[in-house]
Amino acid sequence: MKLPLIPLLAVILSCSIGDATPLVYDTKGYELMSNSSYYILPVEKGGTGSGLKISYEWKRCNFFVAQARGKAEDGVAVRIAPPSASVYDPIFNPVAVHLSTDITITFDVVTVCVESMYWHISGKSPLSTTSYPRQHVAVGKDEDADMPFPPSPDMLFSIERYDGAVKGYKLVSCNGTGPCENLGLHAFKGKNWLTTSDPPLVVVFKKGHEYA
């Protein structure tokens, strides 16, 4: 499926200027909601990949996040919610997603694993990558591990506006171990891994599925 153009992006960004609690908008100009799923897509075209997906299971139910290969893949959709929400709150009590506030990100995918595919920052590296001092974005937990509630600091992210050479959003990790860090792509052995990195990956959000 061909990636869409980025309609209304300038309008989307300008609409939130001056708002005391600015919201995040999808590619069609609608607010991001916790009862919907979204594909996280790069703003710039012509890169080596498309959306984000689960990649490389280094231990059962433990994965890393990478960019889908090729230029025509949306990747795997995610759900975005405030950290105070329980598993079902984002669906039955949906809320809009705000800029610069703590969120959790979960891949909206069915697996054989008991726990949901929550994103978190990990000190592990896939395929023995030499990525220090980067930290990789991982998903999942050991099968016998309980998912912490409220989420632990390594599971907290935020969405920020990006007003550089290209306009869009960036993902940020503030995991309690130091200053907040941008999430970007680190190329290694033919794959682009999502890591703490500068420059950031500048993205937009394409709506996937809405849960009633």
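Let me start with the aromatic cluster, which is made up of Phe107, Trp119 and Phe157, and please keep in mind throughout that what we are looking at is a predicted model. By the ring-centre rule, there are four aromatic pairs in total. One of these joins Trp119 and Phe157, whose ring centres lie 6.0 Å apart with the planes at 90 degrees, so this pair is edge-to-face. Since Trp119 belongs to strand E6 and Phe157 to strand E8, residues 157-163, the pair ties together parts that are 38 residues apart in sequence. As for their surroundings, both Trp119 and Phe157 are buried.

Another of the aromatic pairs is formed by Tyr169 and Phe205, and this one is tilted, with 5.8 Å from centre to centre and 50 degrees between the planes. Here Tyr169 sits in strand E9, residues 167-173, while Phe205 sits in strand E12, so again parts that lie apart in sequence, in this case by 36 residues, are tied together. Are these two rings buried or exposed? Tyr169 has a relative accessibility of 2% and therefore counts as buried, and Phe205, at a relative accessible area of 0%, is buried as well.

That brings me to the nonpolar cores. The largest of them has 32 residues, and those with the most contacts inside it are Ile80, Trp119, Ile159 and Phe205. Strand E6, which covers residues 117-122, gives the most to this core, with three residues. If we take Ile80 and leave aside its neighbours within four places in sequence, its contacts include Leu32, Val97, Ile103, Ile105, Ile159 and Phe205. There is also a second, separate core of five residues, and among them are Phe64, Ala66, Phe188 and Trp193.

Let me turn now to the strands and how they pair. Strand E1, residues 36-42, is mostly covered, in that six of its seven residues are buried. E1 pairs in the antiparallel sense with strand E12, residues 203-210, over six bridges, and within that pairing Pro42 has Val203 of E12 as its bridge partner. E1 also pairs with strand E4, residues 78-81, once more in the antiparallel sense but over two bridges, and there the bridge partner of Ser37 is Arg79 in E4.

Which residues cover the two faces of strand E7, residues 136-139? On one side we find His136 and Ala138, on the other Val137 and Val139, and all of them are buried. As general background, side chains in a regular strand alternate between the two faces of the sheet. E7 is joined to E6 by four bridges, the two strands running antiparallel, and Ser122 stands opposite His136 of E7. E7 also pairs with E3, likewise in the antiparallel sense, over two bridges, and the bridge partner of Phe63 in E7 is Val139.

Staying with E3, which spans residues 62-69, I would point to Asn62, which has its place in that strand. With a relative accessibility of 7%, Asn62 counts as buried, because the cut-off for that word is under 20%. A polar atom of the Asn62 side chain lies 3.0 Å from the backbone oxygen of Arg60.

I will finish with the confidence of the model. The mean pLDDT of the protein is 80, and 74% of its residues reach 70 or more. Over residues 1-19, however, pLDDT stays under 50, and for that stretch the model has 33 contacts beyond four places in sequence.

Technical notes. Residues are numbered from 1 along each chain as its sequence is written. Side-chain values use heavy atoms; hydrogens and water are left out. pLDDT is the predictor's confidence in each residue, from 0 to 100. Contact means heavy atoms within 4.5 Å. Buried means under 20% relative accessible area, exposed over 50%, partly exposed in between (1.4 Å probe, protein chains only). Two strands pair if DSSP finds at least two bridges between them. A polar contact is a pair of N or O atoms within 3.5 Å; within protein, one must be able to donate a hydrogen and the other to accept it, and residues adjacent in sequence count only if both atoms are side-chain atoms. A nonpolar core is a set of buried Ala, Val, Leu, Ile, Met, Phe, Trp, Tyr and Cys residues joined through side-chain atoms within 4.5 Å. Rings of Phe, Tyr and Trp (its six-membered ring) pair if their centres lie within 6.5 Å; planes under 30 degrees apart count as stacked, over 60 as edge-to-face and the rest as tilted.
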